[in-house]
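The following exercises ask the reader to work through one structure, step by step. Please keep the sequence and the coordinates at hand.

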Amino acid sequence: MLAGGLGGSRCVHSLALAAGPENVTAIGNVGDDLELWGLHVSPDLDTILYTLAGLLDEDRGWGVKGDTYAALELARQQGRESWFTLGDQDLQFHELRTRLLDEGRPLSEATRALAEEVGVRVRLIPATDDRLRTKISTPEGELDFQEWFVKRRHADPVNAVRFEGAEAARPAPGALVAIEEAELVVIAPSNPFVSIEPILAVAGIREALGGKRVAAVSPLVGGRALRGPLAEMMEGLGHEPTAAGVRAHYGDLVSIFVVDAADEAQAAEMPGAVVCDTVMVAPERRADVGRGLLEALL
């Protein structure tokens, strides 16, 4: 499956609970990655790993539950960048990743090592080992994704999105094979523009989906994202901020489009629409939602 952000991590978790972790491979977004305090931070990959390992702060939707922030407070006192919240346990994760990268190991190998460290059995593959960064065009100029999303609290209207480095990026080892061997490829209910498109921008990934059975889960429920500024982003980019608008954006890429019961009225007008419960917020409900999703798709 293709996944990024909190919606992606919840969907990976749901399907892993329903199908078994050994039957799920997730290709994760790296467009949100950043370098901070000399460390390589991969927020989307980490959110997936934290969720699967039971470490995620579910209330906030990011970071490690029960974490402390001594290092962040020290950074503030020293006048260093402190707008991106890094917890002390979170920091250890980034330090290990950075050390592995400094040793010459690619991001895919570092991600596999981190998954083993926290006992995650789902196979998580970054879309690419190469540098790829999401850039947001706003009336104030172009911003790095995290600067727009976290530092400026995604308050700036979005005029366009581009993926720096995508032209030269190549799929990480195993990504294309995973797609080729998959019985079903699921695009998680992630933001299509900044969580899924950075994956599809990597040369060969979109092409590999051609001819496959591809299902996308709508990230909008009742016209609203469960988290994040997707509806506002869609309006700014000229798309209808509804499940039907998301379906239109994916076009021929997907043959099945899953909408929540809250949007059942729209389903009749969508090609390949399937209706089932898609709300995976509560961890205790994810196994049931995952089973329902698989029953609807298989």
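Contact means heavy atoms within 4.5 Å. Helices (H or I, at least four residues) and strands (E, at least two) are DSSP runs, numbered from the N terminus. This is a predicted model, in which local features need pLDDT of at least 70 and side-chain atom pairs count only at pLDDT 80 or more, while totals for chains, interfaces and linings use all residues. Residues are numbered from 1 along each chain as its sequence is written, and side-chain values use heavy atoms, with hydrogens and water left out.

**Exercise 1. Determine how far helix H1 is covered, and by what.**

Step 1. Apply the burial scale: buried means under 20% relative accessible area, exposed over 50%, and partly exposed in between (1.4 Å probe, protein chains only). On this scale, eleven of the 15 residues of H1 are buried. Among them are Arg-10, Cys-11, Val-12 and His-13.

Step 2. Identify the cover. The elements over the buried residues of H1 include strand S1 (2-3), strand S2 (25-28), H2, strand S9 (185-187), helix H8 (192-200) and H13.

Step 3. Check the geometry. The expected span of a helix is 1.5 Å times one less than its number of residues. For the 15 residues of H1 (residues 5-19) this gives 21 Å, and the end C-alpha atoms are 21 Å apart, so the two values agree. Just after H1, Gly-20 has a positive phi of about 95°.

**Exercise 2. Describe the nonpolar cores and the contacts of Leu-293.**

Step 1. State the criterion: a nonpolar core is a set of buried Ala, Val, Leu, Ile, Met, Phe, Trp, Tyr and Cys residues joined through side-chain atoms within 4.5 Å. In soluble globular proteins, nonpolar side chains tend to be buried together.

Step 2. Apply the criterion. The largest nonpolar core has 84 residues, of which Met-1, Val-12, Ile-187, Tyr-250 and Leu-293 touch the most other members.

Step 3. Follow one member. Leaving out residues up to four places away in sequence, Leu-293 touches Cys-11, Leu-15, Val-217, Val-258, Cys-276 and Met-280.

Step 4. Look beyond this core. Another core lies apart from it and has eight residues, including Leu-36, Val-41, Phe-84 and Leu-91.

**Exercise 3. Find the salt bridges and compare their settings in sequence.**

Step 1. Define the pair: a salt bridge is a side-chain nitrogen of Lys or Arg within 4 Å of a carboxyl oxygen of Asp or Glu. The rule yields 16 salt bridges.

Step 2. Take a pair from separate elements. Glu-58 and Arg-286 form a salt bridge with their closest N and O atoms 2.9 Å apart. Glu-58 lies in the loop between helix H2 (43-53) and helix H3 (70-77), and Arg-286 in helix H13 (residues 286-297), so the pair ties together parts that are 228 residues apart in sequence. Glu-58 is partly exposed, at 24% relative accessible area, whereas Arg-286 is buried, at 0%.

Step 3. Take pairs within a helix. Glu-73 bridges to Arg-76 at 3.4 Å between the closest N and O atoms; the two are three residues apart in helix H3, about one helical turn. Glu-73 is partly exposed at 35%, and Arg-76 is partly exposed at 43%. In H13, Arg-291 and Asp-288 are likewise three residues apart, about one helical turn, and their closest N and O atoms are 2.4 Å apart.

Step 4. Note a network: salt bridges link Lys-135, Glu-142, Asp-144, Arg-162 and Glu-164.

**Exercise 4. Which strands pair with S6, and in what direction do they run?**

Step 1. Recall that two strands pair if DSSP finds at least two bridges between them.

Step 2. Count the bridges. S6 (residues 133-138) and S8 (residues 160-164) run antiparallel and are joined by five bridges, with Thr-134 partnered by Phe-163. S6 and S7 (residues 141-144) also run antiparallel, joined by four bridges, and Thr-138 stands opposite Gly-141.

Step 3. Examine the connection and the surroundings. Two residues separate S6 from S7 in a hairpin. Five of the six residues of S6 are buried, so this strand is largely enclosed by the rest of the structure.
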